[in-house]
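Let's walk through this structure together, going from the ligand to the aromatic rings. Keep the view open beside the text as you read.

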Amino acid sequence: MLILAFESSCDETSVAVVEMSEETRRILSNEIATQIATHALYGGVVPEIASRAHTEAISSLTKRAMENAKVRKNEIDAIAVTASPGLIGALLVGVNFAKGLAAAWNKPLIPVNHVKGHAAAAYLAFPELKAPFFALIASGGHTSLTYVKSPTEFTPVSRTRDDAVGEAFDKVARVLGLPYPGGAEMDRLASLGDPDAIKFPSAAIEGSLDFSFSGVKTAVLNYSNMQKQKEMPIVPEDVAASFTRTVTRSIVKQLAGAYEEYHYDTLVMAGGVAANSHLREAVSKFAEKKGIRLCMTPKALCGDNAAMIAAQGYFEAMAGHFADAALNAKATAGKSVF
Ligand code: KG4
Ligand code: ZN
């Protein structure tokens with residue numbers, strides 16, 4: 001099945017063509033236009049600007065995705081699009097474009113949940129991966145440990161009660177004066193600092209599998225203010241390393257707790273924060289120790305991209321989940337996110 005997919009939920013416009021079947025998972029093209037440079041000027045994503053930039057980029061990206069995949073429109077079997085969750089104006093650009101194209105080309109339309117899409121990126125790198133599996137999904141807007149019973153049935157067993165982990169990385173980066181989005185730069189700095197330099201509070205909630213990242217984020221802010229007040233230096237490398245160690249340990253602690261409870265044998269790691277090298281190393285060690293098969297999304301597919309939306313779109317299509325002409329975008333997918 002050849003799927004043309006669209007992603008426009010936040011600050012990346014992406015269009016991909018992916019071939020999916022029982023045995024095949026092949027990315028033919030995965031074009032991404034990032035708006036990071038534009039939003040960096042404001043220190044965060046400006047929704048209105050994001051919507052306009054998606055509108056500007058989406059037509060030419062589609063042309064490029066089709067050309068690079070070397071396919072013609074009559075070969076496309078279905079069109080998938082991120083319909084939730086995300087910035088509403090940004091989502092609407094992709095949804096409307098996909099709807100228009102589906103109508104013009106007479107193709108079935110598949111709405112895809114963005115967070116499920118992140119987990120589906122793992123299918124592209126691990127062709128033999130099949131649900132059920134357990135997933136750590138960590139991005140700028142979402143953090144959970146989720147049981148994926150079938151490719152379309154997601155049950156979170158742990159979630160963040162406040163900030164998402166990526167959001168915490170970005171806010172700490174901002175305190176350190178790093179450009180938006182700070183996640184990748186925090187990763188680099190953390191490799192240069194002492195992870196034991198500063199003690200920050202755990203993000204793992206005691207007696208629960210849930211997370212709270214706002215406490216550790218505030219602790220970094222307080223530490224920074226205290227150092228300034230005392231006219232003491234702030235070593236960004238040490239702050240980044242200490243914060244990263246706390247966050248990484250918190251995540252591994254909850255993964256271990258969930259393992260005790262659910263005895264999962266396959267763990268998928270996905271989402272923008274899954275690109276973090278320190279987290280990758282810590283989760284790899286944990287999985288190795290427990291004998292868990294770890295399917296870590298390759299770094300290139302951790303961030304927002306349309307290939308992952310195509311992969312999830314395939315499974316949604318297999319489950320008969322198509323949209324009609326009334327498809328709308330939703331900023332939130334409901335209480336459970338999925
Ligand atoms: O999945 P994603 O691209 O978008 C959302 O769906 O939110 O995730 C973006 C988030 C941002 O917060 C970004 O700072 C973070 O992922 N991120 C990282 C790294 N690369 C991206 N966080 C930590 N370490 C990284 N290497
Ligand atoms: Zn995302």
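A backbone N or O atom of Gly141 sits 3.2 Å from an oxygen atom of ligand 1, which makes a good place to begin. Such a polar contact is a pair of N or O atoms within 3.5 Å; within protein, one must be able to donate a hydrogen and the other to accept it, and residues adjacent in sequence count only if both atoms are side-chain atoms. Gly183 also brings a backbone N or O atom to 3.2 Å from an oxygen atom of the ligand, while Asp170 uses a polar side-chain atom, 2.6 Å from an oxygen atom of ligand 1. On its own the ligand has 550 Å² of accessible area, and the protein covers 84% of that (areas by the Shrake-Rupley method with a 1.4 Å probe; for residues, only the protein chains shown count as cover).

Before going further, please note that this is a predicted model, in which local features need pLDDT of at least 70 and side-chain atom pairs count only at pLDDT 80 or more, while totals for chains, interfaces and linings use all residues. Residues are numbered from 1 along each chain as its sequence is written, chains are lettered from A and ligands numbered from 1 in the order in which they are written, and side-chain values use heavy atoms, with hydrogens and water left out.

Now look around the ligand: 19 residues surround ligand 1, and the closest are His118, Gly140, Asp170, Asp187 and Asn276 (a residue is near if one of its heavy atoms lies within 4 Å). Helices H4 (114–125), H5 (165–175) and H6 (183–190) are the elements that give two or more residues to this shell; helices (H or I, at least four residues) and strands (E, at least two) are DSSP runs, numbered from the N terminus.

Next come the aromatic rings, with a count of eleven pairs. Rings of Phe, Tyr and Trp (its six-membered ring) pair if their centres lie within 6.5 Å; planes under 30 degrees apart count as stacked, over 60 as edge-to-face and the rest as tilted. Phe134 and Tyr264 are stacked, 4.2 Å centre to centre with 5° between the planes. Because Phe134 lies in strand S6 (residues 133–138) and Tyr264 in the loop between helix H8 (236–262) and strand S9 (266–270), the pair ties together parts 130 residues apart in sequence. Phe134 is buried at 0% relative accessibility, and Tyr264 is buried at 6% (buried means under 20% relative accessible area, exposed over 50%, partly exposed in between; 1.4 Å probe, protein chains only).
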